Amino acid sequence: MTGHRARFVQTTVEVEGRTETRVVEMPAFEPAPWTADTPLSIVGTSPPRVDAFEKVTGRARYTADIVRPGMLHAVIVRSPVAKGTLTAIDLDAARTLPGVRAVMGPGEAPAGTRLFRRDVGYAGQPLAAVAADSLDDARRAAHVVARSLVFDLAPHAVTLGDAMATDAPNVRSDGNVVEPDVVERGDVARGLADADVTITREYRTQVALHSALEPHGAVCEWTGDHLTVWESTQGIFRVRADVAKALGMPQGRVRVLKDYMGGGFGAKNGAGAHTYTAALFARTLGLPVRCINDREAEQMDSGNRPASVQRVTIAARRDGTLTALVLDAHVPLGISGWEGGPGQIYHELYACPNVRTSETWVYINAGGMQAFRGPGYVEGAFGLESAMNALARELRMDPVALRRKNLATRDQRVDRPFSGNRLDECYVEGMKRFGWDTTSHQPPTTNSHVRRGRGVAAQTWPTGGGPPSYALVRINSDASVDVLAGTQDLGTGARTVLAQIAAEALGAKFDTVRAIIGDTERLPYTGNSWGSMTTPSVGPAVRMAAEDARLQLLEAAAQIMELPIEDLTTAGSEVLALSCSRVLPFSELCKKLGSLQIVGRGSRGPNPPNVAIVTVGAQFAEVEVDVETGVVRVLRIVAVHDAGRIINPVLAESQLHGGIIQGLGYALFEERHIDRERGVPLNTNLHDYRIPTMADIPAIDASFLFGSDTVANHTGARGIAEPPIIPTAPAIAAAVADALGVEVREIPLTPWRVLGALVE
Amino acid sequence: MKLTVNGTLREVDAARSPTLLAALRDQLDLTGSKLVCDRGECGACTVRLDGDLVYACLTLTAACENAQVQTVEGLASGNELHPLQQAFISHDAAQCGFCTPGQLVTAAALLERLPNPSDGDIRAAMSGNLCRCGTYPKIIAAIRAVADERGAAT
């Protein structure tokens with residue numbers, strides 16, 4: 001039963017909506033799924049975050065809090081212009097300044113790092129770097145270098161229109177506009193012909209910035225030819241691979257550590273300029289080096305959610321049945337980025353036989369995009385859900401009724417079932433909690449220029465997770481338990497959730513179990529914490545490792561208790577005999593085992609074939625709009641999501657709050673502004689790029705449909721981190737439209753845009 | 001120069017660390033207070049200076065001679081957590097935790113000033129402390145719980 005060897009098989013797996021052939025590991029055994037009826041005592045309860053004490057006492061050490069003996073500080077000099085060639089730079093003046101240890105400029109970093117190039121493609125691009133004894137010394141020297149920069153300026157394009165114009169300047173040498181990605185199913189022409197009602201709208205979304213409070217940063221230290229990297233990252237193994245490749249060294253000589261992290265939201269998935277800068281200076285100077293983005297660099301050059309223009313045609317019969325959905329989207333990516341666009345949700349959220357999406361990615365001279373919580377789906381949901389709400393008005397149908405009439409019952413992209421999809425129950429539960437049938441949108445009586453409105457929107461997001469992920473569960477001689485998995489906790493609660501899963505599977509008391517994460521050298525591999533995947537990817541590996549350890553524990557107990565193993569079970573850190581009342585606490589059992597250490601091994605098996613695994617949900621918003629000032633106040637949000645089993649309801653609720661509040665900022669005020677003439681971002685701080693404060697937040701009623709997705713994986717849990725941000729903005733926009741009596745087609749809904757919508 | 005930090009007399013070199021935040025973090029190894037915006041926008045570096053709430057990133061070290069400074073590290077008495085720290089734990093009022101020290105220092109000052117704040121008072125007092133994880137509802141709940149418990153006890 002133990003000591004199993006895994007088999008490797010070739011299979012097709014889904015990655016970011018695409019199908020790939022991969023070799024995956026088939027674990028020798030998979031535990032029986034925890035069903036909705038399985039009695040569980042720790043999973044499904046809400047013990048406090050295991051690292052909360054460190055966080056409330058200020059003792060949690062984040063990357064910027066790491067201090068190493070003799071540590072130096074590095075600052076990167078960035079381009080103040082959007083496009084051109086760096087023709088002159090003076091590094092020598094900076095070298096003579098107090099405290100300065102080294103300066104690096106164009107041509108001095110290995111090609112693999114792509115650092116310090118003379119051809120400039122966006123404002124904020126790294127051009128040089130300084131290492132000094134103190135951060136202040138490094139900053140002063142960086143200013144001196146910055147003043148010496150001379151450019152041969154070239155025309156830039158920082159807007160979609162400028163980059164697509166017939167006489168547009170070259171943003172990149174390989175062209176500005178990527179060939180459209182067109183995905184079609186059914187016969188759209190026929191679907192349009194069959195419709196009773198067809199509406200076409202254009203929706204616009206803005207560039208949003210992640211704005212994690214902890215900026216990107218790294219501390220690097222060499223010991224001989226071994227490099228240790230402390231990095232604020234969502235993917236320690238990805239950082240290791242990036243650094244090894246860029247510096248041309250074996251992965252085994254790079255150790256990446258990450259203990260605490262001040263948020264990521266998708267922007268921290270690999271090594272960056274700060275990592276390479278710190279590593280290179282540390283190698284040259286033989287001392288540890290810390291390089292942390294300042295806020296301006298963070299807001300200019302650490303990624304963003306790109307803007308979008310979505311031209312949507314939606315066609316339906318009089319009874320609301322959708323007959324065609326057409327999207328023509330244009331997305332200005334920045335200087336680089338991957339193409340996860342707004343189109344996918346158009347294929348997934350509703351039953352519709354005829355769908356065509358066209359996504360055109362356009363490069364512009366601005367910082368490159370990075371995944372940002374629900375990338376593509378957040379932008380797409382604003383277009384799709386706003387169009388659905390417009391269609392409901394056109395049909396004089398209730399927008400919830402319209403959605404329930406068009407529920408997707410299968411994944412129509414490849415015609416396969418869902419592992420579980422209870423979106424209709426989310427609508428029903430949400431309507432009940434919101435009082436949808438009884439909430440009128442009449443203006444409140446107190447103030448005649450304040451109007452009230454309500455709106456709804458829905459969400460889908462692929463959350464199956466998958467292999468590879470590995471975990472070990474170690475039972476120490478005092479019966480304390482270590483869970484070892486090379487994953488990371490962004491603030492989501494992964495440490496807590498994985499300890500809960502292990503404690504449950506092992507039959508151990510929760511407070512005897514701790515999860516050890518964030519070290520590439522000493523922990524087994526797991527993938528990046530992205531795509532809402534950590535719980536569904538790593539959770540099953542941890543459960544399997546704990547089940548393996550439990551079996552070994554029972555085998556040992558059977559010998560000691562002289563009972564058949566079938567007669568034994570575990571609970572509360574005790575081995576219990578079913579046939580009699582004998583009990584052997586883990587602590588006594590381990591004492592008898594001496595220094596023998598039980599180590600359970602677990603891995604994440606493949607997902608079930610031909611099944612779509614998604615988290616779905618619906619959100620309802622109520623707002624007040626002052627039609628004289630244009631100010632929108634969100635009064636309340638009701639959110640109901642189906643993510644399968646919820647391991648820790650309180651922590652998961654925090655995730656819903658976070659997604660909704662970020663979605664509120666996206667709906668109402670978050671927007672990167674860029675000067676079209678100069679090509680430079682204007683609001684690179686947390687005052688002018690406004691994120692929600694406590695004063696902005698509404699009453700939030702966030703809940704789950706509790707259950708277990710036994711098809712998805714044997715823990716029954718799907719992901720929940722990204723889904724809650726997806727429907728918030730269109731729900732708020734719908735409520736604003738309801739209050740105003742006119743459609744709103746562009747976010748953020750700043751007072752100017754609200755007043756503009758009224759005079760249109 | 002000398003100043004009292006969390007009840008202990010300490011010596012710092014103001015020339016080496018122009019801002020109080022840098023002095024606390026780099027010279028006294030009190031890294032609970034965070035550098036986030038470096039311009040008084042986010043509240044992650046909030047500390048008490050002679051009882052007043054200040055942004056340590058905008059406070060000159062040289063202006064703190066002989067002052068009383070309290071940071072998040074000074075909230076607990078030994079191993080006994082401040083009631084707000086306990087409430088932040090039990091209400092899950094810290095996600096990534098990066099803003100948490102500033103939130104706690106601000107909340108502690110609020111409850112000293114207004115032992116029984118309304119929700120409006122809490123929102124007004126706390127709205128200078130940004131949280132990107134969106135933990136606000138639980139921060140409100142944690143502060144509310146401490147205020148209510150104290151109210152019930154008196």
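Which residues of strand β28 of chain A point to one face and are buried, and which point to the other and are not? The first legend below takes up this question. The model shown in every view is predicted.

**View 1. Strand β28 of chain A and its alternating side chains.**
Strand β28 covers residues 699–704 of chain A. A:Ile700, A:Ala702 and A:Phe704 point to one face and are buried. A:Ala699, A:Asp701 and A:Ser703 point to the other face and are not buried. Such a pattern fits a general rule: in a regular strand, side chains alternate between the two faces of the sheet. Strand β27 of chain A, residues 632–642, runs parallel to β28(A) and is joined to it by six bridges. To find your way along the pair, look for A:Val640, which stands opposite A:Ser703 of β28(A).

**View 2. The antiparallel pair β18 and β26 of chain A.**
Here 13 bridges link β18(A) to strand β26 of chain A, residues 614–626, in the antiparallel sense. Strand β18 of chain A spans residues 450–462 and is mostly covered, with 11 of its 13 residues buried. A handy place to start is A:Pro462, whose bridge partner in β26(A) is A:Val614.

**View 3. The largest nonpolar core, seen around A:Val736.**
This core holds 289 residues. The members that touch the most other members are A:Val130, A:Val483, A:Ala502 and A:Val736. Helix α14 of chain A, residues 534–561, gives the core its largest share, 11 residues. Turning to A:Val736, and setting aside neighbours within four places in sequence, we find contacts with A:Gly453, A:Val623, A:Val625, A:Val632, A:Val744, A:Leu749 and A:Val754.

**View 4. A seven-stranded open sheet in chain A.**
Follow the strands across in the order β5-β7-β3-β14-β11-β12-β13 of chain A, and you will meet mixed pairing. At the edges are β5 (100–104) and β13 (254–257) of chain A, each pairing on one side only. From one strand to the next, the twist averages 20°.

**View 5. Helices α6 and α7 of chain A with the strands they meet.**
Let's begin with strand β12 of chain A, residues 226–231, which runs parallel to β13(A) and shares four bridges with this strand. Within the pair, A:Leu227 stands opposite A:Val254 of β13(A). Helix α6 of chain A, residues 236–247, packs on the sheet and touches β12 and β13 of chain A. The direction of α6 makes about 145° with that of β13(A). Helix α7 of chain A, residues 273–285, lies across β3 (72–78), β5, β7 (126–132), β11 (217–223), β12 and β14 (289–292) of chain A. The angle between α7 and β11(A) is about 30°.

**View 6. Where domain 1 meets domain 3 in chain A.**
Chain A is divided into domain 1 (7–60 + 465–603), domain 2 (63–154 + 211–301) and domain 3 (308–464 + 610–759). The centres of domain 1 and domain 3 of chain A, taken over C-alpha atoms, are 35 Å apart. The contact brings together 29 residues of domain 1 and 31 residues of domain 3 of chain A. On the domain 1 side, α13 (494–506) and α14 of chain A are the elements that give two or more residues. The largest share of that side, five residues, belongs to α14(A). By class, the domain 1 side has 12 nonpolar, 13 polar and four charged residues.

**View 7. The contact between chain B and chain A.**
Chain B brings 41 residues to this contact and chain A brings 43. On the chain B side, α2 (83–90), α3 (100–113), α4 (119–126) and α5 (136–153) each supply at least two residues. The largest share, four residues, comes from α2(B). By class, the chain B side has 22 nonpolar, 11 polar and eight charged residues.

**View 8. The two domains of chain B.**
Chain B has domain 1 (2–74) and domain 2 (83–153). Their centres, taken over C-alpha atoms, are separated by 21 Å. The contact takes 12 residues from domain 1 and 11 residues from domain 2 of chain B. Strand β3 of chain B, residues 46–49, gives the largest share of the domain 1 side, three residues. That side has six nonpolar, four polar and two charged residues.

**View 9. B:Leu9 in strand β2 of chain B.**
B:Leu9 sits in strand β2, residues 8–11 of chain B. This residue counts as exposed because it has 9 C-beta neighbours inside 10 Å, and the cut-off for exposed is 12 or fewer. Not counting residues up to four places away in sequence, B:Leu9 touches B:Lys2 and B:Thr4. The C-alpha atom of B:Leu9 is 35 Å from that of B:Ala141, 132 residues apart along the chain.

Terms used: Residues are numbered from 1 along each chain as its sequence is written. Chains are lettered from A and ligands numbered from 1 in the order in which they are written. This is a predicted model: local features need pLDDT of at least 70, side-chain atom pairs count only at pLDDT 80 or more; totals for chains, interfaces and linings use all residues. Domain bounds come from an automatic or database domain assignment. Two residues are in contact if their C-beta atoms, placed from the backbone, lie within 7 Å. Ala, Val, Leu, Ile, Met, Phe, Trp, Tyr, Cys and Pro count as nonpolar, Asp, Glu, Lys and Arg as charged, and the others, Gly among them, as polar. A nonpolar core is a set of buried Ala, Val, Leu, Ile, Met, Phe, Trp, Tyr and Cys residues joined through C-beta atoms within 7 Å. A residue is buried if 20 or more other C-beta atoms lie within 10 Å of its own, exposed if 12 or fewer, and partly exposed in between; C-beta atoms are placed from the backbone. Two strands pair if DSSP finds at least two bridges between them. Axes are lines fitted to C-alpha atoms, for helices over the stretch in contact, and angles run from 0 to 180 degrees between N-to-C directions.
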